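Q: I'm new to this one and would like a close look at a single part: the charged side chains and who they pair up with. Could you take me through it slowly, and then add a word on the aromatic rings?

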Amino acid sequence: MNQAVVEKQANPTASKKHALPFYLAILLGICWLIALAVLSLFTANPVTLNRVQIMRADAVIAAEIVDTQGKVRVVEVLFTRQGVDVETESTFKVLPPSPHWQPHMQRILPILRDADGNWRIAPAPLPKTVEIDYPDRPDLRVEVKEIVATLPR
């Protein structure tokens, strides 16, 4: 009787029957992890424009950062209020410069003039927030244009 039990345990066909569902479960788990990783890579932290900040701005420009001291070159004027003098290809300083700015970086900047005539990033309606600017991407340019289309010039 002991010999019959030993023979059943040594049968390789029985272990193969149980191995297939196990390997399918492993494969399904790996595929699920890869799918989650891809989703998090492409959907994590999307850029969201602050509508109130855009609406408060005297101008919204697509600009190239010239230097880390806040000098910018206007690539495209996306919006200006009447009487605001911002021209494409003009260069000026935006104060204070953002700490993440690097030369040749392309940014969308909602700007306004302060009482001293300096250009500043328009404030966001959040308490104690840093100056918010945005990466220069075609989809964000379209979104800015949709927001400012409702504003009086």
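A: Let's start with Arg107, which has a relative accessible area of 12% and is therefore buried, the cut-off for that label being under 20%. Keep in mind as we go that this is a predicted model.

What does Arg107 pair up with? Its partner is Asp133, and the two side chains meet in a salt bridge at 2.5 Å, N to O. Arg107 sits in strand S4 (residues 106–113), while Asp133 is in the loop between S5 and strand S6 (134–135), so this pair ties together parts that are 26 residues apart in sequence. Asp133 is buried too, with a relative accessible area of 8%.

That salt bridge has company: searching the whole structure turns up nine salt bridges. Another of them joins Arg141 and Glu76, whose closest N and O atoms are 2.2 Å apart. Here distant parts of the chain get linked, since Arg141 belongs to helix H4 (residues 138–148) and Glu76 to strand S2 (residues 71–80), 65 residues apart. How do the two partners sit, buried or exposed? Arg141, at 18% relative accessibility, counts as buried, whereas Glu76, at 24%, counts as partly exposed.

Arg141 isn't done yet. There is also a salt bridge between Arg141 and Asp136, with 2.7 Å between the closest N and O atoms, and both of these residues are buried. Step back a little and you'll see a network of salt bridges that links Glu76, Asp136, Arg141 and Lys145.

Now for the rings. A pair of aromatic rings is described by how far apart the centres are and by the angle of the planes. The search of the whole structure finds two aromatic pairs. In one, Phe22 and Tyr23 meet edge-to-face, at 5.4 Å centre to centre and with 65° between the planes. Phe22 and Tyr23 are both exposed.

The other pair is Phe92 with Trp119: the ring centres are 5.6 Å apart and the planes are at 35°, so this one is tilted. Phe92 is part of strand S3 (residues 91–93) and Trp119 of strand S5 (residues 119–121), so the pair ties together parts that are 27 residues apart in sequence. As for where they sit, Phe92 counts as buried at 14% relative accessibility, and Trp119 is buried as well, with a relative accessible area of 5%.

Notes
Residues are numbered from 1 along each chain as its sequence is written. This is a predicted model: local features need pLDDT of at least 70, side-chain atom pairs count only at pLDDT 80 or more; totals for chains, interfaces and linings use all residues. Side-chain values use heavy atoms; hydrogens and water are left out. Rings of Phe, Tyr and Trp (its six-membered ring) pair if their centres lie within 6.5 Å; planes under 30 degrees apart count as stacked, over 60 as edge-to-face and the rest as tilted. Buried means under 20% relative accessible area, exposed over 50%, partly exposed in between (1.4 Å probe, protein chains only). Helices (H or I, at least four residues) and strands (E, at least two) are DSSP runs, numbered from the N terminus. A salt bridge is a side-chain nitrogen of Lys or Arg within 4 Å of a carboxyl oxygen of Asp or Glu.
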